[in-house]
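Trainee: I would like to go through the labels attached to this model and hear the reasoning behind each one.

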Amino acid sequence: WQVSTDGGVTFTNIAGETGTSLSLPSVTTAMNNNKYHVLISGCGTVTSVNATLTVNPLPVVVISASPSTKLLQGEATTLTATTTPPASTYSWFKGTALIPGATTNSIVVAYNGPSDLGDYKASVTDINNCSGVSNVITISDSTIHTSFIFPNPNNGLFWVRYNVGPAA
C-alpha cells in the first residue's frame with residue numbers, strides 16, 4: 001500500500017501494510033485528500049486506481065445565553081447554538097435528559113421553579129452525519145440574600161422582608 005500527500009504526484013510505501021486491505025485507525029483532518037493505492041505483484045506489478053480519502057471535520061458547537069444565565073423567578077433566557085459547519089439536526093439536553101421537541105438551533109429557558117435551573121447543552125449532526133456536542137451552560141438563580149423595607153421612606157410603620165437566595 002502507498003500513500004500520496006501531494007495530490008498524487010509522488011507515492012510512498014506505508015510501513016508494514018502488505019495485506020489485502022488497508023485500515024487507517026487514526027484518521028485526522030490533516031489526512032484529507034490523501035490518495036491511496038495498492039501495488040499487486042506476481043507476474044509483473046499492477047497498480048490499483050487511486051482512492052482519495054475525504055475527512056469530514058466534527059461539527060464545532062458553541063451555545064450562548066441571552067440575556068443572561070442568572071435568572072429571577074419568572075424571567076427567561078434564550079440559548080442559541082452556533083455550529084461550524086452548519087448543522088442539519090439539533091437536540092437539546094438538560095443535564096443528561098433529552099428535552100422533548102427541542103430540535104432547532106435555539107430554546108427558551110423560563111425560570112418558573114427550581115426544576116428549570118441546571119446545566120444545558122446541545123448536540124448537533126451535520127449533513128455528513130458527523131456529530132458534535134456543545135459546551136455546557138448553567139442556568140442559575142440570581143437571587144441573593146436581601147432585606148427589603150417597605151415603604152421607604154416611611155412614617156415609622158413598615159414591613160421588613162428577607163429574601164433567601166439559593167444555597168451556596
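Mentor: Start with F158, which has a relative accessible area of 44%. Keep in mind throughout that this is a predicted model.

Trainee: Why is F158 called partly exposed?

Mentor: Buried means under 20% relative accessible area and exposed means over 50%, with partly exposed in between. F158 has 44%, so it is partly exposed. F158 sits in the loop between β16 (146-150) and β17 (159-163).

Trainee: What makes I149, F158 and V160 a nonpolar patch?

Mentor: A residue needs over 30% relative accessible area and no salt bridge to enter a patch, and nonpolar side chains are joined within 5 Å. F158, at 44%, is over the 30% limit. Together I149, F158 and V160 have about 290 Å² of accessible area on the surface.

Trainee: The loop that holds F158 lies between β16 and β17. Which peptide bond near P153 is cis?

Mentor: The bond from N152 to P153 is cis, and its omega is near 5°. P153 is likewise placed in the loop between β16 and β17. Another cis peptide bond joins S66 and P67, with omega about 15°. P67 is found in the loop between β7 and β8 (70-71).

Trainee: What is notable about the phi of N33, and is N33 buried or partly exposed?

Mentor: The phi of N33 is positive, about 75°, although N33 is not a glycine. N33 lies in the loop between β2 and β3. Its relative accessibility is 45%, between the limits of 20% and 50%, so N33 counts as partly exposed.

Trainee: What makes N129 exposed?

Mentor: N129 has a relative accessible area of 64%, which is over 50%, so the label is exposed. N129 also has a positive phi, about 70°, without being a glycine. The loop between β13 (118-126) and β14 (131-133) contains N129.

Trainee: Now the chain as a whole. How do you know that the protein chain is more spread out than a compact globule?

Mentor: The protein chain has 17 strands and 0 helices. Its radius of gyration is 29 Å, while the globule rule gives 15 Å for 168 residues; 29 Å is well over that, so the chain is more spread out than a compact globule. Along the principal axes, the C-alpha atoms fill a box of roughly 110 × 30 × 25 Å. Of the 168 residues, 26% are buried.

Trainee: Which separation is given for E75 and L53?

Mentor: Their C-alpha atoms are separated by 50 Å, with the two residues 22 apart along the chain. E75 is placed in the loop between β8 and β9. At 35% relative accessibility, E75 falls between 20% and 50% and therefore counts as partly exposed.

Trainee: Turning to the sheets, how do you know that β7 pairs with β9?

Mentor: Two strands pair if at least two bridges are found between them. β7 and β9 (residues 76-84) are joined by 7 bridges, so the condition is met, and they run antiparallel. V60 stands opposite T84 in β9, and S66 stands opposite T78 in β9.

Trainee: What pairs with β9 over 5 bridges?

Mentor: That is β12, in the antiparallel sense. T77 stands opposite V109 in β12. The open sheet of 3 strands thus has the order β7-β9-β12, with antiparallel pairing.

Trainee: Why are β7 and β12 called edge strands?

Mentor: β7 (60-66) and β12 (106-110) each have a single partner strand, so one side of each is left without a neighbour in the sheet. Neighbouring strands of this sheet are turned by 20° against each other on average, direction ignored.

Trainee: Which side chains of β9 are buried?

Mentor: T77, L79, A81 and T83 are buried and point to one face. A76, T78, T80, T82 and T84 point to the other face and are not buried.

Trainee: What makes β2 and β6 edges of the other open sheet, ordered β2-β1-β3-β6?

Mentor: That sheet has 4 strands with antiparallel pairing. β2 (12-13) and β6 (51-52) each have a single partner strand, so each has one side without a neighbour in the sheet. Inside the order, β1 (residues 2-4) and β3 (residues 35-37) run antiparallel and are joined by 3 bridges. V3 stands opposite Y36 in β3.

Technical notes
Residues numbered from 1 in each chain as written. Predicted model: local features only at pLDDT ≥ 70, side-chain atom pairs only at ≥ 80, totals over all residues. Heavy atoms only, no water. Helix = DSSP H or I, 4+ residues; strand = E, 2+ residues; numbered from the N terminus. Axes fitted to C-alpha atoms, helices over the stretch in contact; angles between N-to-C directions. Patch = residues over 30% accessible without salt bridge, like charges linked within 9 Å, V, L, I, M, F, W, Y side chains within 5 Å. Areas by Shrake-Rupley, 256 points an atom, 1.4 Å probe, with all protein chains shown as cover. Salt bridge = Lys/Arg side-chain N within 4 Å of Asp/Glu carboxyl O. Buried < 20%, exposed > 50% of the residue type's maximum accessible area, 1.4 Å probe, protein only. Rg over C-alpha atoms; globule rule 2.2 N^0.38 Å.
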